[in-house]
Amino acid sequence: MARGSCLVEFEASKLEVRQIASPEKEIPVSAFTLSRRSVVQEAIVQHPTLSLLFPGALNTVRIATLFTPVGDVKVVGAFLRIGKGSQFVDNGDQGGIGAAIDLGNGKLADVASNNRGKKFERHPDTGFSFGEMTLPDWGKVIALATEVQSRFAPFYRFLGMDIGFSESGPILVEVNDIFDCGRFESVVGPIFRDPEVLRIAQHYGLITHGRHR
């Protein structure tokens with residue numbers, strides 16, 4: 001959800017902090033205090049192709065993978081999370097848009113949506129048509145996601161990871177062992193629509209029913 005995230009950058013030769021809650025407000029770093037333990041990461045310089053779509057945030061691929069009973073990796077689906085407005089993150093909870101990705105070639109769907117179901121054919125800020133975007137180095141994205149899932153198995157057999165696009169290639173930003181499947185399915189479609197995914201889930205005993213008393 002990116003809650004609590006901050007962006008530190010040079011503005012007019014001074015270090016300024018921007019927060020999720022009020023991204024347009026610039027706070028001098030000398031007046032900013034961290035209230036909890038935090039992780040500091042260097043900002044990724046986004047690939048110019050992704051910046052055409054929206055330059056104000058690192059637009060990342062949310063890709064779901066499943067470790068199969070025979071030791072292979074099944075890519076369940078993927079969508080591109082795209083920033084919007086003054087926000088510097090791409091999360092749907094912060095106003096971001098999601099566009100499904102063709103796993104075969106990395107091409108975006110013609111229509112994207114936000115987490116309230118509103119649909120867009122073009123980015124509301126840049127006017128870029130989603131269907132005109134084919135993600136760079138898509139084969140490397142699939143390879144990276146496959147390797148990450150393989151390394152996490154067998155402890156985590158179902159992952160949702162976020163992969164960004166740097167100038168030098170795909171880069172892993174985050175790995176989630178629990179992620180928002182509802183948002184994922186609202187963009188990509190039902191996970192169990194794929195018979196293979198359903199069979200794997202059944203094998204692991206994930207398909208259950210019953211009444212809670």
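**A pocket, a ring cluster and a small sheet**

In this predicted model, the second largest pocket holds about 250 Å³ of space. A total of 13 residues line this second largest pocket, and those closest to its centre are Leu-66, Phe-158, Phe-192, Ala-201 and Leu-206. Two elements, α3 (181-188) and α4 (195-203), each give two or more residues to the lining. Of the elements, α4 gives the most, with three residues. It is also helpful to look at the chemical character of this lining: 11 of its residues are nonpolar and two are charged, while no polar residue is found there.

Aromatic rings come next. The structure holds four aromatic pairs. Through ring pairs, Phe-79, Phe-158, Phe-179 and Phe-184 are linked into a cluster. A reader who follows Phe-158 through the model will meet this residue twice: Phe-158 belongs to the ring cluster, and Phe-158 is also among the lining residues closest to the centre of the second largest pocket.

Now for the strands. Three of them form an open sheet in the order β1-β2-β3, and their pairing is antiparallel. The edges of this sheet are β1 (6-11) and β3 (27-28), each of which pairs on one side only. Between β1 and β2 (residues 14-19), the antiparallel pairing runs over six bridges. One residue pair to look for here is Cys-6 with Gln-19, as Gln-19 is the bridge partner of Cys-6 in β2.

Key: Residues numbered from 1 in each chain as written. Predicted model: local features only at pLDDT ≥ 70, side-chain atom pairs only at ≥ 80, totals over all residues. Heavy atoms only, no water. Pairing = 2+ DSSP bridges. Helix = DSSP H or I, 4+ residues; strand = E, 2+ residues; numbered from the N terminus. Phe/Tyr/Trp six-rings, centres within 6.5 Å; stacked < 30°, edge-to-face > 60°. 1 Å grid on protein atoms, 1.4 Å probe; cavity = no way out; pocket = protein on both sides within 12 Å on 5 of 7 lines; lining within 4 Å. Points joined across faces, edges and corners; volume = space filled by probe spheres on them. Nonpolar A, V, L, I, M, F, W, Y, C, P; charged D, E, K, R; others polar.
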